Amino acid sequence: MPTPHLRGSAQLRAQVAVKGQPENIGDQIKRLIQKFITKQETISLVVVPSNVDIATTEALKMAQEVDPNGDRTLGILTKPDLVDKGTEESVVEIVRNLVIHLKKGYMIVKCRVQKEITERVSLTEAIEREKAFFNDHVHFQILYDEGRATVPKLAEKLTLELVLHIKRSLPQLEEQIKMKLAQTQAELDKYGSGPPAEAAERLCFLIDRVAAFTKDAISLTTGEEIKFGGRLNMFAILRKEFA
């Protein structure tokens, strides 16, 4: 049974094949992403840098194709430190869900840059630096106060969204399980009861099966009609064709 889960739908960075990669690497990645985000059990995470026009990103376009109402899509803006001066308010409007509306809204985070990774800055220290960045930022502080910024707040948001998504999906999952059980039970019923547990009873069970098989085989040799499920045996079909 499919279960609700999170999937990230990020920018398709591998558009041009490099050494050792197939020529259609971009198409392969796109098909792989579409395979997951098409499923109704999936929450899609559209991850876009803050200094990029989100309306023109491939990630958002792909998410909207399979989730036009934005019911299963959460926007995540990154790299707020690279935003051009004078465009900060535009980023704030996007995160506050005032530009391209998504029912699950947007979050903004500042992850470790390559320099911090090289310097082995711990995740704990990186989180403190991220918190200080948003808390001290003239434009983005309001997003921090509203609980729309930092990785820890994103983790809380994702946990809550996943729980709510599971609760909404449970009735559908329950119905799928019931249907599967009914199909399996019907399949089992076709085979009748299984062998008994006791050795003596198993011997009688085997004798009965062999006797039934022998009877059917004899009936076939005399041309009698024997049904297998809903189908007639081959003799009956052949007699009709010969006639």
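The following questions and answers examine how several terms apply to this predicted model.

Q: Why is Thr42 called buried?
A: A residue counts as buried when its relative accessible area is under 20%. Thr42 has a relative accessible area of 0%, and therefore it is buried. Thr42 has its place in strand S2.

Q: What makes the approach of Thr42 to Phe36 a polar contact?
A: The limit for such a pair of N or O atoms is within 3.5 Å. The side chain of Thr42 reaches the backbone oxygen of Phe36 at 2.9 Å, so the distance falls within that limit.

Q: How do you know that the length of helix H5 agrees with its number of residues?
A: Helix H5 covers residues 123-136, which makes 14 residues. At 1.5 Å a residue, these should span 20 Å, and the C-alpha atoms at the two ends are 20 Å apart, so the two values agree.

Q: What makes one face of H5 its buried face?
A: Ala126, Glu130 and Phe134 are the buried residues of H5. Seen down the axis of H5, these buried residues fall within an arc of 65 degrees, and therefore they line one face of the helix. An α-helix has 3.6 residues a turn, so residues three or four places apart point the same way.

Q: Which residues lie on the face of H5 turned away from its buried side, and what do the buried residues pack against?
A: The face turned away carries the exposed residues Thr124 and Asp136. The buried residues of H5 pack against strand S4 (106-108), helix H6 (141-145) and helix H7 (151-190).

Q: How do you know that the buried residues of H3 are on the same side of the helix?
A: In H3, the buried residues are Glu88, Val91, Val92, Ile94 and Val95. They cover an arc of only 160 degrees around the axis, which puts them on the same side of H3. Strand S3 (73-78), S4 and H6 are among the elements that cover these residues. After H3 comes Asn97, with a positive phi near 65 degrees.

Q: What places the buried residues of H2 on the same side?
A: Ala59, Leu60, Met62 and Ala63 are buried in H2. Their arc around the axis is only 160 degrees, and so they lie on the same side of H2.

Q: Which residues have the most contacts inside the largest nonpolar core, and which elements contribute to it?
A: This core has 21 residues, and those with the most contacts inside it are Ile54, Leu77, Tyr106 and Ile108. Two or more residues come from each of strand S2 (42-49), helix H2 (58-66), helix H3 (88-95), S4 and H6. H3 gives the most, with four residues. A second, separate core has eight residues, including Leu45, Leu74, Val109 and Leu154.

Q: What does Tyr106 touch?
A: Leaving out residues up to four places away in sequence, Tyr106 touches Ile54, Leu74, Gly75, Leu77, Ile94, Val95, Asn97, Ile100 and Arg148.

Q: Why is the pair of Glu146 and Arg96 called a salt bridge?
A: The side-chain nitrogen of Lys or Arg must be within 4 Å of a carboxyl oxygen of Asp or Glu. The closest N and O atoms of Glu146 and Arg96 are 2.7 Å apart, so the pair meets the cut-off. The pair links distant parts of the chain, 50 residues apart: Glu146 is in the loop between H6 and H7, and Arg96 is in the loop between H3 and S4. Arg96, Glu146 and Arg148 are linked in a network of salt bridges. A search of the whole structure finds 12 salt bridges.

Q: Why does Glu146 count as partly exposed?
A: Partly exposed residues lie between the limits of 20% and 50%. Glu146 has 32% relative accessibility, and so it counts as partly exposed. Arg96, at 32%, also counts as partly exposed.

Q: How do you know that Lys178 and Glu174 are separated by about one helical turn?
A: They are four residues apart in helix H7, which means a separation of about one helical turn. Their side chains meet in a salt bridge at 3.8 Å, N to O.

Q: What makes Lys190 exposed and Glu187 partly exposed?
A: Exposed means over 50%. Lys190 has a relative accessible area of 67% and is therefore exposed, whereas Glu187, with 35%, is partly exposed. The side chains of Lys190 and Glu187 meet in a salt bridge (3.8 Å, N to O). Both residues lie in helix H7, three residues apart, about one turn of the helix.

Note on methods. Residues are numbered from 1 along each chain as its sequence is written. This is a predicted model: local features need pLDDT of at least 70, side-chain atom pairs count only at pLDDT 80 or more; totals for chains, interfaces and linings use all residues. Side-chain values use heavy atoms; hydrogens and water are left out. The expected span of a helix is 1.5 Å times one less than its number of residues. Buried means under 20% relative accessible area, exposed over 50%, partly exposed in between (1.4 Å probe, protein chains only). The arc is that of the directions from the helix axis to the C-beta atoms. Contact means heavy atoms within 4.5 Å. A nonpolar core is a set of buried Ala, Val, Leu, Ile, Met, Phe, Trp, Tyr and Cys residues joined through side-chain atoms within 4.5 Å. A polar contact is a pair of N or O atoms within 3.5 Å; within protein, one must be able to donate a hydrogen and the other to accept it, and residues adjacent in sequence count only if both atoms are side-chain atoms.
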